Amino acid sequence: MSIEIKDINKKFGDFVALEDISLNIPTGQLTALLGPSGGGKSTLLRIIAGLESTDEGTVHIEGVEATHLPPQKRNVGFVFQHYAAFKHMSVAKNVAYGLEIRKRSKADTKKRVAELLELVHLSQFAHRLPSQLSGGQRQRMALARALAVEPTVLLLDEPFGALDAKVRKELRDWLRRLHDEVHVTTVFVTHDQEEALEVADEIVVINNGRIEQIGSPDELYDAPANDFVMSFLGPVTTLEGLLMRPHDIDVSTAGEVAGTTPGEVVRMLRVGFEVRLTVRPTTGRGAGSSPGQEGDVTVVLTRSHARELGIDVGSTVWLSANRGATSVARRAIAAV
C-alpha cells in the first residue's frame, strides 16, 4: 500500500473533525475523498501531507511511519485550490522552484522543467508570469510544480473548485489522462460528485468526520451503503417511501396495473435532451401534496420518450421502479 491510515482521530476544540478513520490507498491509484463541506475530507488530506497533526492514529507512506514527520520529509506534492504561485516568477521558474531548493543541477532542472511543461501543455508559456495565464493554465502549472520533485504521493485539495464549469470539465479529463501517464499515487478532495465519479479509481465518502463507504464509482452509485451515500452521489426521489434515482422510474400512460403508483404530472421541465417530470401521487404516500412538496416524485425521461408518451402537465401517469433499479430506505439497501 502507498498510504496506510489507521485509527485517526482529530478534534479542533470541541469539534470532532475525524473519528476512527482507517483507510488503505494502493500505490498508483487515483482516490477521491468526497463529501459535504465541513465533513472532514480536507482535514484528512492535510494530515496525510503533514500540514495537520493527529490526536490519535498513524499514517504510513510507502511503508514509512510518517505520522510525526514534517511535510518536507514525506515526499508528497500538494496542490491547493488557489494555485499559490510565485507571482514574480515565470511559469518555468515556478515549476523549477522545488528542484532548485533541493540543489539539483541546472542542467537536470532545465531538462525536468522542459519535460513537465510539455506534459501539461504549457511549453509555449514558459516565460510568462502566472498572471498572464488563464485559471486552467495556472492550475496545470501548479500540478507541474508539484510533480517536479517526483513525489511519492500527489495530494490535491479541491484543485478545480475556483474554475468555471467548462474549464473544470476539461481539467478533470486532462487529470485522468495525466494520471494514466505518470502513475503517481494521487488523492484529491472534492465535493463535486460528478468529478469524483468521472475521474477516480476509488471514492471514499466522508461525512461528519466518518467514512460512510469506500468503493469504485460503479459500486457506490449502484450499491450505496445507506441513504446518505445514495443522496450524495446523484439526484434521488421518493417513490412509495423508498429513495430511488429519477431515471430508474418507469412511466406509463396505458392504465393502472399491479405494482404501479398513479399520479398527476404537475410540472414539466426540459433541460437539453432531458425532460424532468414532477408527479403528484393520487393515492398512497404523498397523495394530495402540493407541487414541489414532500410526496412529489421526480422522474427523468429523454425528450423523445416524453414525446412518444404524449405527456403534458395534467396528464395521468402510472409509476413503477424499472428492472435493475436500486432503492434505499433508512440507511439499509433494498433491491427492487
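The protein chain in this predicted model has a secondary structure that comes to 9 helices and 19 strands. Taken along the principal axes, its C-alpha atoms fill a box of roughly 80 × 45 × 30 Å. Of the 336 residues of the chain, 48% count as buried, and the accessible surface comes to about 16,500 Å², of which carbon and sulfur atoms account for 49%. When contacts between residues at least 6 apart in sequence are considered, 63% of them join residues at least 24 apart. The chain carries 38 positive and 43 negative charges, and the mean positions of these two sets are 9 Å apart.

**Nonpolar cores**

The largest nonpolar core has 46 residues, among which V95, L117, L154 and I203 touch the most other members. Helix 4, covering residues 135-148, gives the most to this core, with 7 residues. A second, separate core holds 24 residues, including I8, L18, I47 and V189.

For L154, the contacts beyond its neighbours within four places in sequence are with G77, V79, L143, A146, L147, V184, T185, T186 and V187. Of these partners, L143, A146 and L147 fall within the residue range of helix 4, 135-148, while G77 and V79 fall within that of strand 6, 76-79.

**Helices 1 and 2**

Helix 1, made of residues 41-49, is mostly covered, since 7 of its 9 residues are buried; the buried residues are K41, T43, L44, L45, I47, I48 and A49. One of them, I47, also belongs to the second core, the one of 24 residues. Just after this helix, G50 takes a positive phi of about 90 degrees.

Helix 2 spans residues 91-101, and its buried residues are V91, A92, N94, V95, A96, G98 and L99. What covers them includes helix 3, residues 106-119, together with helix 4. V95 of this helix is also one of the residues that touch the most other members of the largest core, and L117, which is named beside V95 in that respect, has a number within the range of helix 3. Helix 2 is followed by K103, whose phi is positive and near 65 degrees.

**Strands and their pairing**

An open sheet is formed by 4 strands in the order 2-1-4-5, with antiparallel pairing. Its edge strands are strand 2 (15-25) and strand 5 (64-65), each of which pairs on one side only. Strand 1, residues 3-12, pairs with strand 2 in the antiparallel sense over 7 bridges, and within this pairing the bridge partner of K11 is V16 of strand 2. I8 and L18, both included in the second core, lie within the ranges of strand 1 and strand 2 respectively.

Further along the chain, strand 15 (residues 274-281) and strand 16 run antiparallel and are joined by 6 bridges. Along strand 16, residues 297-302, the side chains alternate: V297, V299 and L301 are buried and point to one face, whereas T298, V300 and T302 point to the other face and are not buried. L301, on the buried face, stands opposite V275.

**Individual residues outside the cores**

Three residues with some exposure are set side by side here.

| Residue | Location | Relative accessible area |
|---|---|---|
| H305 | helix 9 (residues 303-309) | 30%, partly exposed |
| N75 | loop between strand 5 and strand 6 | 34%, partly exposed |
| K103 | loop between helix 2 and helix 3 | 73%, exposed |

Most residues other than glycine have a negative phi. Against that background, N75 has a positive phi near 55 degrees although the residue is other than glycine, and K103, also not a glycine, has a positive phi of about 65 degrees. The two residues fall into separate exposure classes: N75 counts as partly exposed because its relative accessible area, 34%, lies between the limits of 20% and 50%, while K103 counts as exposed because its value of 73% is over 50%.

H305 is also placed in the intermediate class, because its 30% lies between those limits. Its C-alpha atom is separated by 61 Å from that of I101, a residue 204 places away along the chain; I101 has the last number in the range of helix 2, 91-101, whereas H305 is found in helix 9.

How values were computed: Residues are numbered from 1 along each chain as its sequence is written. This is a predicted model: local features need pLDDT of at least 70, side-chain atom pairs count only at pLDDT 80 or more; totals for chains, interfaces and linings use all residues. Side-chain values use heavy atoms; hydrogens and water are left out. A nonpolar core is a set of buried Ala, Val, Leu, Ile, Met, Phe, Trp, Tyr and Cys residues joined through side-chain atoms within 4.5 Å. Buried means under 20% relative accessible area, exposed over 50%, partly exposed in between (1.4 Å probe, protein chains only). Helices (H or I, at least four residues) and strands (E, at least two) are DSSP runs, numbered from the N terminus. Contact means heavy atoms within 4.5 Å. Accessible areas come from the Shrake-Rupley method with a 1.4 Å probe; for residues, only the protein chains shown count as cover. Lys and Arg count as positive and Asp and Glu as negative; His and the chain ends are not counted. The place of a charge is taken as NZ of Lys, CZ of Arg, CG of Asp or CD of Glu. Two strands pair if DSSP finds at least two bridges between them.
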